Amino acid sequence: MSLERGNIDVEPAVTDLRNRTLSRLPGDFSRLVYLASSRDLNTGHYSHDGLAFHFSENVASTAMAQCHREIFDRLVYASLEELIEELANYISSTDERPEDFLNSWEHLGSYRVTIPSECDELEAQVFLSNLKMAMAILRLRQKQSSQDEQSA
């Protein structure tokens, strides 16, 4: 019964998070990065002051974990072209030059922290593999675009 009650308490927080925070971010990849960056890497707990104020820290963390997993699932099962588009949209939403962004992510492996804690190892490997391919394709497209501009 208490588990069932806990799930009921989380749903309004999930709805609030989706409507007030996540809907304002430009795409699922941006949402994935936001949620991952809200997670304490030492404890795995998520923090969101607004949700915690209206619900509780535990409910806020659980709601964020649930949304993190949902968004990750959409991206891990997206086609490669959809993932490329999501990543390109995320990169364009940052203040970084795409080349610098890709260099940093490839060098540092920052994308690894976007994987939810309760993730199946196979799903994680598929996601990482697809993301590496998406980054390589974006880099190739960027080089081709740069060459086209130089020859014009």
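Angles between helix axes under 35 degrees count as roughly parallel, over 145 as roughly antiparallel, 65 to 115 as roughly perpendicular and the rest as oblique. The structure is a predicted model, in which local features need pLDDT of at least 70 and side-chain atom pairs count only at pLDDT 80 or more, while totals for chains, interfaces and linings use all residues. Residues are numbered from 1 along each chain as its sequence is written, and side-chain values use heavy atoms, with hydrogens and water left out.

**Exercise 1. Helix 5 and helix 6**

Task: find how helix 5 and helix 6 are oriented to each other, and which residues meet.

Solution. Step 1: Helices are DSSP runs (H or I, at least four residues), numbered from the N terminus. Two packed helices are described by the angle between their axes and the distance between the axes. Axes are lines fitted to C-alpha atoms, for helices over the stretch in contact, and angles run from 0 to 180 degrees between N-to-C directions.

Step 2: The angle between helix 5 and helix 6 is about 115 degrees, and their axes are 10 Å apart. Helix 5 and helix 6 are therefore roughly perpendicular to each other.

Step 3: Contact means heavy atoms within 4.5 Å. From helix 5, Leu87, Tyr90 and Ile91 meet Pro98, Phe101, Leu102 and Trp105 of helix 6. By class, this contact of helix 5 with helix 6 holds 7 nonpolar residues, no polar and no charged ones. For this count, Ala, Val, Leu, Ile, Met, Phe, Trp, Tyr, Cys and Pro are nonpolar, Asp, Glu, Lys and Arg are charged, and the others, Gly among them, are polar.

**Exercise 2. Helix 2 and helix 4**

Task: describe the packing of helix 2 and helix 4, then place aspartate 28 in it.

Solution. Step 1: Helix 2 and helix 4 pack with their axes 9 Å apart, at an angle of about 145 degrees.

Step 2: Helix 2 contributes residues including Asp28, Phe29 and Leu32, and helix 4 contributes residues including Ile71, Phe72 and Leu75. The contact of helix 2 with helix 4 has 10 nonpolar, 1 polar and 3 charged residues by class.

Step 3: Aspartate 28 lies in helix 2. Buried means under 20% relative accessible area, exposed over 50%, partly exposed in between (1.4 Å probe, protein chains only). Aspartate 28 has a relative accessible area of 11% and is buried. Neighbours within four places in sequence aside, aspartate 28 is in contact with Ile71, Arg74, Leu75 and Glu86.

**Exercise 3. The largest nonpolar core**

Task: state which residues of the largest nonpolar core touch the most other members, and which helix gives the most to this core.

Solution. Step 1: A nonpolar core is a set of buried Ala, Val, Leu, Ile, Met, Phe, Trp, Tyr and Cys residues joined through side-chain atoms within 4.5 Å.

Step 2: The largest one has 38 residues, and Phe29, Leu87, Trp105 and Phe127 touch the most other members. Helix 1 (2–21), helix 2 (28–37), helix 4 (57–76), helix 5 (80–93), helix 6 (98–108) and helix 7 (121–151) each supply at least two residues. Helix 4 gives the most, with 9 residues.

Step 3: Beyond neighbours within four places in sequence, the contacts of phenylalanine 127 include Phe29, Phe72 and Ile115.

**Exercise 4. Two loop residues**

Task: decide whether isoleucine 115 and tyrosine 77 are buried or exposed.

Solution. Step 1: Isoleucine 115 is in the loop between helix 6 and helix 7. Its relative accessibility is 13%, and isoleucine 115 counts as buried.

Step 2: Tyrosine 77 is in the loop between helix 4 and helix 5. With a relative accessible area of 61%, tyrosine 77 is exposed.
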